[in-house]
Amino acid sequence: MTHYTDPCHPETVRVAASHQARARQIASELAAIAATGMVLPGSITERRTRCGRDNCACHADPPRLHGPYWQWTRKIAARTVCRWLSPAQREDYQAWIDNDRRLRDLLAHLEELGAAALEADHRLKRGNKAAHRRTGQATP
Ligand SMILES: [Zn+2]
């Protein structure tokens, strides 16, 4: 296991044992998910469609739409990328998407631990926190 420390300040922040324990739990779950290699961003949504034939039931009242079809959607920068999936693919890849969500949740927990450690740091200046609230800056 590689240890990540700041070489200029080898003993900067001492974190609580409970903090370390939680971080280790998160790390092992992150590693377990990553090791599967089954991680997919975006989402899979169900689509029901109309065809071009005027006399088809999909144009009736009430309409009987075609489908369900499954579509994987992902945002890349400002563009949305879509791919049609077979029912079997939908079945397989939903777990990959669930893994991606879990990875993001775990990272968010890790970041919360870091934010809590900073807030608990006795060197944090009191005026600093008050000024932060006054300006109304949101923490990402
Ligand atoms: Zn139709």
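In which helix does Leu-113 lie? Leu-113 lies in helix 2, and its surroundings are taken up in the legend for Figure 3. The legends below describe close-up views of a predicted model.

**Figure 1. Overall arrangement of the protein chain in the predicted model.** The protein chain contains three helices and three strands. Along the sequence, these elements follow the order α-β-β-β-α-α. Of the 140 residues, 15% count as buried. Among the contacts between residues at least 6 apart in sequence, 57% join residues at least 24 apart.

**Figure 2. Packing of helix 1 against helix 2.** Helix 1 spans residues 17–36 and helix 2 spans residues 87–120. The two helices pack at an angle of about 160 degrees, and their axes are 10 Å apart. Because angles over 145 degrees count as roughly antiparallel, helix 1 and helix 2 are roughly antiparallel to each other. The crossing of helix 1 past helix 2 is left-handed. On the side of helix 1, the residues that meet helix 2 are His-19, Arg-22, Ala-23, Ile-26, Glu-29, Leu-30, Ile-33 and Thr-36. Their partners in helix 2 are Asn-99, Arg-102, Leu-103, Leu-106, His-109, Leu-110, Leu-113, Gly-114 and Ala-117.

**Figure 3. Leu-113 and its contacts with helix 1.** Leu-113, a residue of helix 2, has a relative accessibility of 18% and counts as buried, because the limit for burial is under 20%. Leaving aside residues up to four places away in sequence, Leu-113 touches His-19, Arg-22, Ala-23 and Ile-26. These four residues are among those through which helix 1 meets helix 2. Val-15 is 98 residues from Leu-113 along the chain, yet the C-alpha atoms of the pair are separated by 9.6 Å.

**Figure 4. Ala-27, Leu-107 and Leu-110 across the helix pair.** Ala-27 belongs to helix 1 and is partly exposed, with a relative accessible area of 34%. Leu-107 is found in helix 2; at 43% relative accessibility, this leucine also counts as partly exposed. The C-alpha atoms of Leu-107 and Ala-27 are separated by 9.1 Å, although the two residues are 80 residues apart along the chain. For Ala-27 and Leu-110, which are 83 residues apart in sequence, the C-alpha to C-alpha separation is 8.8 Å.

**Figure 5. Coordination of the zinc ion.** Four protein atoms act as donors to the zinc ion: SG of Cys-51, SG of Cys-56, SG of Cys-58 and NE2 of His-66. The donors lie 1.9 to 2.3 Å from the ion. The angles subtended by the four donor atoms run from 105 to 115 degrees, which makes the arrangement tetrahedral. For four tetrahedral donors, the ideal angle at a metal is 109.5 degrees. The spacing of the donor residues in sequence is C-x4-C-x1-C-x7-H. Cys-51 is partly exposed at 25% relative accessibility, whereas Cys-58 is buried, with a relative accessible area of 0%.

**Figure 6. Surroundings of Thr-73 in strand 2.** Strand 2 comprises residues 66–76, and Thr-73 is found within it. The relative accessibility of Thr-73 is 17%, so this threonine counts as buried. When residues up to four places away in sequence are not counted, Thr-73 touches Gly-42, Ser-43, Thr-45 and Arg-47, together with Thr-80, Val-81 and Cys-82.

**Figure 7. Cis peptide bonds preceding Pro-62 and Pro-68.** Most peptide bonds are trans. The bond from Asp-61 to Pro-62, however, is cis, with omega near 5 degrees. Pro-62 lies in the loop between strand 1 (43–49) and strand 2. Gly-67 and Pro-68 are likewise joined by a cis peptide bond, for which omega is about 5 degrees. Pro-68 has its place in strand 2.

**Figure 8. Backbone conformation of Ala-77.** Most residues other than glycine have a negative phi. Ala-77 has a positive phi, near 55 degrees. This alanine is found in the loop between strand 2 and strand 3 (79–85). With a relative accessible area of 78%, Ala-77 is exposed.

Technical notes
Residues are numbered from 1 along each chain as its sequence is written. This is a predicted model: local features need pLDDT of at least 70, side-chain atom pairs count only at pLDDT 80 or more; totals for chains, interfaces and linings use all residues. Side-chain values use heavy atoms; hydrogens and water are left out. Donors are N, O and S atoms within 2.8 Å of the metal (3.2 Å for Na, K and Ca); water is not among the atoms, so sites may look incomplete. Four donors count as tetrahedral if all angles lie between 85 and 135 degrees; four count as square planar and six as octahedral if opposite donors are over 155 degrees apart and all others between 65 and 115; anything else is irregular. Buried means under 20% relative accessible area, exposed over 50%, partly exposed in between (1.4 Å probe, protein chains only). Axes are lines fitted to C-alpha atoms, for helices over the stretch in contact, and angles run from 0 to 180 degrees between N-to-C directions. Angles under 35 degrees count as roughly parallel, over 145 as roughly antiparallel, 65 to 115 as roughly perpendicular and the rest as oblique. A crossing is left-handed if the near helix is turned anticlockwise from the far one by less than a right angle, and right-handed if clockwise. Contact means heavy atoms within 4.5 Å.
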